[in-house]
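Student: I would like to learn how to read a few features of a protein model. Can we go through them one at a time?

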Amino acid sequence: MKMHNTLGWMGLAAALLALPVGVQAQHMVGFDEIRAADTAWVLVSAALVVLMTLPGVALFYAGMVRGKNVLNTLAAVLGAACVVSVVWFAVGYSLAFTPGNRWLGGLERIWFGGLDYQLAAQQLSVSQMAAHIPEAAYALFQLTFAIITAALIVGAVVERMRFGALMLFIALWSLCVYVPVAHWVWEPGGWLARMGALDFAGGAVVHVNAGAAGLACACYLGKRTGYGREAFQPYNLGWTMLGACLLWVGWFGFNGGSALAADGRAALAMVVTHLAAAGGAIGWAAGEWMFRRRVSLLGLCSGLVAGLVAVTPAAGFVDMGSGLLIGAIAGLVCYWGATGFKRWLGADDSLDVFGVHGLGGMVGSILTGVFVSSTISGASGNLLAQIVAVVAVAAYSFAATCVLMWLTDRVTPVRVELHDEQQGLDITQHREHVGQ
């Protein structure tokens, strides 16, 4: 009777969540149904997106922190990539990109189960999202997005969060925040996808999501000791420039690869991406010149990233001129976000994760609904759906992140001791120091 009741409750829970109790039938196709060129392009794009995180984001962030926290910042980005990879392999991919309900996917791909390659039968598995490439390639490509989203959050917590606590938080956040948001927007059954929200390569899923989470983390941790009273000298802006350029190069895979084919849309997305980066750098530089009568290297780097962020949701849906305009608008808005708006908020978002990624993702997601071309995309813009997606993702990410930071803090303290912070996290967290 006890076993019967247990199975009954399991069945009820599965029915409520629309999660399969057993494993669904695998979707297998013959080798001859796979398009070699498309597969090659998606695999190359996955490598380019990994390049964006390692070493792109790592160098971009490490160059902006103080010398005593450089190695900790590099370790945090690298550690996040490893933790998210395991979570994605275990359950993340399955819950994000298999059919389930409006909120979450199913369980048939946990531990990558069913991602088969059968040489004798000349068959392999494919995803319902991309039936012309191996599912292993699709799962890997989507993993790279999960990695960079979590890694972006590091920029909001540098110089004051314990390394172990950060790794635990990243694992929880990847599973509880990134995975459901990816399902909402990108899986056809997700509630935002059904509403008609457009997000070509991650404006809401990646940038709004990471930006809101970064702001929540910064608010929970509090300000760095000396913030607003001491000059925090960047370690090496040359590293930051190198990281920004690696991001620019890698973004061709980020946006171009999201076409999931080596075709005209991929080519268009790459051109739009390039123009938006240039527009973003010019927009940010214009803001600096108007208010400070100078243009900085850090500003140019931040501006090009802002342009890339903003064009991400639009890249495969808009024409080239619109891409340039979106980038320029984002450059100006994000300059304000990293200066005046940041001062108004009063939060120590160390490396402007919300100011650049959060606001840039919001601008790009909303402008996608304005500039979307039905000729290019086959879809008409739904501005209301874009706004709903931005608000829903930002609100959920911020609230869930606060809860997850609190839970992590109950397991292990999230903030380092004052003495450790003053000495630097390289020594106190890793017993290492960067060579001079």
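Student: How many bridges join S2 to strand S3, and in what direction do the two run?
Tutor: Bear in mind that this is a predicted model. Strand pairing is read from bridges, and S2 is joined to strand S3 (residues 123-125) by 2 bridges, with the strands running antiparallel. For a concrete pair, take tyrosine 117, whose bridge partner in S3 is leucine 124.

Student: What is the strand order in the sheet?
Tutor: The order is S1-S3-S2, in an open sheet of 3 strands with antiparallel pairing. Strand S1 (28-30) and S2 are the edges; each has a single partner strand, so one side of each lacks a neighbour in the sheet.

Student: How many helices and strands does the chain contain?
Tutor: The chain has 17 helices and 3 strands. Its radius of gyration is 21 Å, and the globule rule gives 22 Å for 436 residues, so the chain is as compact as a globular protein of that length. Along the principal axes, the C-alpha atoms fill a box of roughly 65 × 55 × 40 Å.

Student: What share of the contacts joins residues far apart in sequence?
Tutor: Take the contacts in the chain with a separation of 6 or more: 79% of them are between residues 24 or more positions apart.

Student: How is burial read, for the chain and for one residue?
Tutor: The cut-off for buried is under 20% relative accessible area. In this chain, 57% of the 436 residues count as buried. Lysine 342, in helix H12 (residues 340-345), has a relative accessible area of 14% and is therefore buried.

Student: Which residues is lysine 342 in contact with, leaving aside its neighbours within four places in sequence?
Tutor: The contacts of lysine 342 are Tyr227, Trp336, Gly337, Ala347, Asp349, Ser350 and Asp352.

Student: And the surface: how much of the accessible area belongs to carbon and sulfur atoms?
Tutor: The accessible surface of the chain is about 17,100 Å², and carbon and sulfur atoms hold 68% of that.

Student: Which residues form a nonpolar patch on the surface?
Tutor: Phe89, Leu107, Ile110 and Trp111 do, and together they have about 370 Å² of accessible area. One of them, leucine 107, lies in the loop between helix H3 (70-97) and strand S2 (117-118).

Student: Why does leucine 107 count as partly exposed?
Tutor: That class lies between buried, under 20%, and exposed, over 50%. Leucine 107 is partly exposed because its relative accessibility is 33%.

Methods. Residues numbered from 1 in each chain as written. Predicted model: local features only at pLDDT ≥ 70, side-chain atom pairs only at ≥ 80, totals over all residues. Heavy atoms only, no water. Patch = residues over 30% accessible without salt bridge, like charges linked within 9 Å, V, L, I, M, F, W, Y side chains within 5 Å. Areas by Shrake-Rupley, 256 points an atom, 1.4 Å probe, with all protein chains shown as cover. Salt bridge = Lys/Arg side-chain N within 4 Å of Asp/Glu carboxyl O. Helix = DSSP H or I, 4+ residues; strand = E, 2+ residues; numbered from the N terminus. Buried < 20%, exposed > 50% of the residue type's maximum accessible area, 1.4 Å probe, protein only. Rg over C-alpha atoms; globule rule 2.2 N^0.38 Å. Contact = heavy atoms within 4.5 Å. Pairing = 2+ DSSP bridges.
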